[in-house]
Amino acid sequence: IYILTTNIGVLEFNIKTGLSNYHPMPKERLSRGEFSLSMAVVASDSLVWIGSRESFLVKLNPLSSEYSFFNLNHTKAGHIKRSYLLSLALDRDSNLWIATYGDGLLHFNTKSLQFSQKYARDVLQKNTYCVIVDTTNRVWVSTNYGIARVTPSANTIEPFGQSDGTFCSEFNEGANYLTSNGDIYFGGTNGFIKFNPYEFHVNTF
């Protein structure tokens, strides 16, 4: 288990052995107050990818306690734009899908270490809250307007709102869960929805 902290770094706890380890943030980074960490995912190569509320994606190598930082800050209309990284999910190619508050849905190639805004369009262009990748590599995202399904192989984005049965239009950060049998949960202002993407059928009328 990895426990994210605001001011000291990342704590690692092994629930089987009871042993713990501490991965301190570099002092020069902490002095800037740049680390309000939001969530993390662990890749198949044991690297830990961490999102922050200061426009940073962070990579932690738990074997060496080495951190790498990738900055999302960019200039728009003469002003520096910052985004909150609220949710991360790994696809079957070990690349990251990132739900941000400000820049929409981002894709990060963990090999080339490059961000892409290819899917930050339509309902996914600004505020996104939670992201889940199902076993068919489709990406599900909660937003201010309902949920959306991204099919990267077809380069499509399909939005679903209240009229489609989502019960609420605005969803919340940190309110998502993927069960072992593939059920997806998203939480919003009117409660939560549950669905199985393999039993998900879209009416065409």
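The side chain of Asn196 reaches the backbone oxygen of Asn181, at 3.4 Å. The model is predicted, and this contact is a good place to enter it. Asn196 lies in the segment that follows strand S20, residues 191-195. Is Asn196 buried or exposed? Its relative accessibility is 12%, so Asn196 counts as buried. The cut-off for buried is under 20%.

A second side-chain-to-backbone contact involves Thr17. Here the side chain reaches a backbone nitrogen, that of Leu19, at 3.2 Å. Thr17 sits in the loop between S2 and strand S3, the latter spanning 20-24. Take Ser52 as a reference point for Thr17. Along the chain, Thr17 and Ser52 are 35 residues apart. In space, their C-alpha atoms are separated by 29 Å.

Strand S2 itself covers residues 9-13 and includes Phe13. How does Phe13 count in terms of accessibility? With a value of 34%, Phe13 counts as partly exposed, because that class runs between 20% and 50%. Phe13 also belongs to a nonpolar patch on the surface. Its partners there are Ile1, Ile3 and Ile15. Together, the four residues have about 390 Å² of accessible area.

Now to the aromatic rings. The structure holds 13 aromatic pairs. One of them joins Trp49 and Phe70. Two quantities are needed here: a pair of aromatic rings is described by the distance of the centres and the angle of the planes. For Trp49 and Phe70, the centres are 6.0 Å apart and the planes stand at 35 degrees. Stacked would require under 30 degrees, and edge-to-face over 60. The pair of Trp49 and Phe70 is therefore tilted.

Which parts of the chain does this pair link? Trp49 is in strand S5, residues 48-52. Phe70 is in strand S7, residues 66-71. The two residues are 21 apart, and the pair links distant parts of the chain. Both rings belong to buried residues: Trp49 has a relative accessibility of 3%, and Phe70 has 13%. Each value is under the 20% cut-off.

The pair is part of a wider group. Trp49 and Phe70 form one aromatic cluster with Phe108 and Phe115.

A ring can also face a charge. The charged end of Arg53 sits over the ring of Tyr84. The distance to the ring centre is 5.3 Å.

Note on methods
Residues numbered from 1 in each chain as written. Predicted model: local features only at pLDDT ≥ 70, side-chain atom pairs only at ≥ 80, totals over all residues. Heavy atoms only, no water. Phe/Tyr/Trp six-rings, centres within 6.5 Å; stacked < 30°, edge-to-face > 60°. Helix = DSSP H or I, 4+ residues; strand = E, 2+ residues; numbered from the N terminus. Buried < 20%, exposed > 50% of the residue type's maximum accessible area, 1.4 Å probe, protein only. Lys NZ or Arg CZ within 6 Å of the ring centre and 35° of its normal. Patch = residues over 30% accessible without salt bridge, like charges linked within 9 Å, V, L, I, M, F, W, Y side chains within 5 Å. Areas by Shrake-Rupley, 256 points an atom, 1.4 Å probe, with all protein chains shown as cover. Salt bridge = Lys/Arg side-chain N within 4 Å of Asp/Glu carboxyl O. Polar contact = N/O pair within 3.5 Å; in protein donor to acceptor, adjacent residues only side chain to side chain.
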